[in-house]
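Here are a few exercises to work through with the model open in your viewer. Try each one before reading the solution.

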Amino acid sequence: MELKLGTGIGWRPEIAEAVEAMPGIDWVEAVAENLCPGHLPDSLLRLRERGVTVVPHGVSLGLGDADRPDEGRLAELAARAEALGSPLVTEHIAFVRAGGERTASPPLEAGHLLPVPRTRDALDVLCENVRIAQDALPVPLAVENIAALFGWPGEELTEGQFLYELVERTGVRLLIDVANLHTNHVNRGEDPAKALAELPVEAIAYVHVAGGFERDGVWHDSHAHPVPRAVLDVLAELVSRVAPPGVLLERDDNFPEDLRELEREIETVRATVTAGSGAPASPAAPTPTRPTTTVDDSARQRLALDQAALLSALVAGTPAPEGFDRGRLAVQSRALAGKRADVVAKVAPELPLILGESEYRSHFLGYARRRPMTGGYRRDALDFAEELLLAQRVREPRPRRELTRWWLDRSGPKPLAGRPLTRALHTAAFAFRRG
């Protein structure tokens with residue numbers, strides 16, 4: 001597969017019109033889970049009509065999970081790629097859920113991307129999961145290195161070695177996020193130049209560039225701040241080694257009032273790439289050189305237990321597993337709760353309006369400490385509203401009435417799965433009786 005993407009930007013609904021009007025945009029990337037194949041946003045359709053490539057970027061497949069990729073999620077990702085006429089799809093090297101039957105513990109969701117341990121067990125599982133995904137998708141797959149606030153104890157490989165073996169064994173392409181390499185430099189002491197030197201640069205499909213911020217010695221990969229010089233320096237190091245087929249600016253939130261600032265950032269990114277244009281172009285993707293053997297299920301079992309223990313510590317308040325930096329896990333736990341609150345506010349924007357921004361966030365963070373997420377963000381929003389009403393946490397009559405109506409409208413004619421009818425009626429009756 002020979003890709004020629006050029007310079008792009010992450011498409012988001014909040015900046016859709018501005019993206020359409022930006023000069024020199026060759027392609028865009030859209031979060032796959034936010035798209036419905038039969039009802040694509042008009043903005044993306046107009047871009048496609050102009051010949052702008054659109055790449056679906058998945059965030060919830062969980063290729064690093066101990067379990068095999070869910071067939072339904074893979075089918076949805078495939079449908080989005082076909083609807084967009086995309087030349088490839090991308091996902092992350094991360095785990096996003098744990099627990100369940102393998103561990104005889106409740107299933108848990110992180111709500112965000114968490115690092116897999118760089119061990120042989122995790123690599124074996126990841127390779128098989130990637131091969132399963134490749135077989136199910138109609139176009140090639142590229143996988144992204146992620147940012148991490150902490151490291152796993154007992155890791156056996158560097159990031160570069162881990163990615164090299166992944167490519168060697170599966171032939172998968174790489175989406176290299178230089179902002180994530182910078183993040184891991186600050187948070188884990190890993191040298192970006194060393195990681196780039198160990199990478200199979202010929203496997204790079206494209207590159208991400210994004211901003212973040214540092215607080216108390218921890219770098220947060222926010223995607224909500226301008227790209228710092230340090231990240232551009234990592235990009236310059238990469239393009240000195242290879243000319244990537246594409247480079248894309250990611251910005252997910254906190255968009256500048258003057259969106260021309262994003263245009264100027266893109267120009268800076270383009271100039272950084274041009275300055276390294278003497279590097280050789282990235283050749284075609286490698287082919288696997290090792291047998292595609294099936295992973296021993298005991299490796300999945302060991303990984304499942306390790307991931308469940310860690311995720312439970314992060315979202316359910318259980319003790320941190322041995323060997324982890326407890327301070328960093330506490331930072332990650334707060335970050336996950338904050339991310340969860342932000343995403344629920346986006347999928348259910350009425351909640352902050354009904355409760356007020358500060359009250360919403362305060363209530364939700366308290367709820368998140370008590371209730372790990374188990375059914376996705378939309379279910380999380382409904383569970384949050386239900387708990388507020390059942391626990392009588394909303395005292396004022398007007399917001400209580402509005403919250404009850406909101407919950408009833410979205411719960412449907414029947415209560416949520418697993419909720420007895422009496423509980424649903426109790427919630428509604430209590431709110432309207434007190435209102």
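**Exercise 1.** How many helices and strands are there in the protein?

*Solution.* Keep in mind that this is a predicted model. Going through the secondary structure, you should end up with 16 helices and 12 strands. Now check the overall dimensions: the radius of gyration is 22 Å, close to the 22 Å from the globule rule for 435 residues, so the protein is as compact as a globular protein of that length. Along the principal axes, the C-alpha atoms fill a box of roughly 70 × 50 × 45 Å.

**Exercise 2.** What percentage of the 435 residues count as buried?

*Solution.* Start with burial: 54% of the residues qualify. Then turn to the outside, where the protein exposes about 18,800 Å², with carbon and sulfur atoms supplying 51% of that area. Finish with the charges: there are 51 positive and 63 negative side chains, and the centres of the two sets lie 7 Å apart.

**Exercise 3.** Why do the rings of Trp 152 and Phe 324 count as edge-to-face?

*Solution.* First, the ring centres sit 5.2 Å apart, within the 6.5 Å needed for a pair. Next, the planes meet at 65 degrees, and over 60 counts as edge-to-face, so that is the label here.

Now place the two residues. Trp 152 is in the loop between strand 7 (141-144) and helix 5 (159-170), while Phe 324 is in the loop between helix 10 (297-315) and helix 11 (326-347), so the pair ties together parts 172 residues apart in sequence. Trp 152 is buried at 9% relative accessible area, and Phe 324 is buried at 8%.

Last, widen the view: ring pairs link Phe 95, Phe 150, Trp 152 and Phe 324 into a cluster.

Terms used
Residues are numbered from 1 along each chain as its sequence is written. This is a predicted model: local features need pLDDT of at least 70, side-chain atom pairs count only at pLDDT 80 or more; totals for chains, interfaces and linings use all residues. Side-chain values use heavy atoms; hydrogens and water are left out. Helices (H or I, at least four residues) and strands (E, at least two) are DSSP runs, numbered from the N terminus. The radius of gyration is taken over C-alpha atoms; the globule rule is 2.2 Å times the number of residues to the power 0.38. Buried means under 20% relative accessible area, exposed over 50%, partly exposed in between (1.4 Å probe, protein chains only). Accessible areas come from the Shrake-Rupley method with a 1.4 Å probe; for residues, only the protein chains shown count as cover. Lys and Arg count as positive and Asp and Glu as negative; His and the chain ends are not counted. The place of a charge is taken as NZ of Lys, CZ of Arg, CG of Asp or CD of Glu. Rings of Phe, Tyr and Trp (its six-membered ring) pair if their centres lie within 6.5 Å; planes under 30 degrees apart count as stacked, over 60 as edge-to-face and the rest as tilted.
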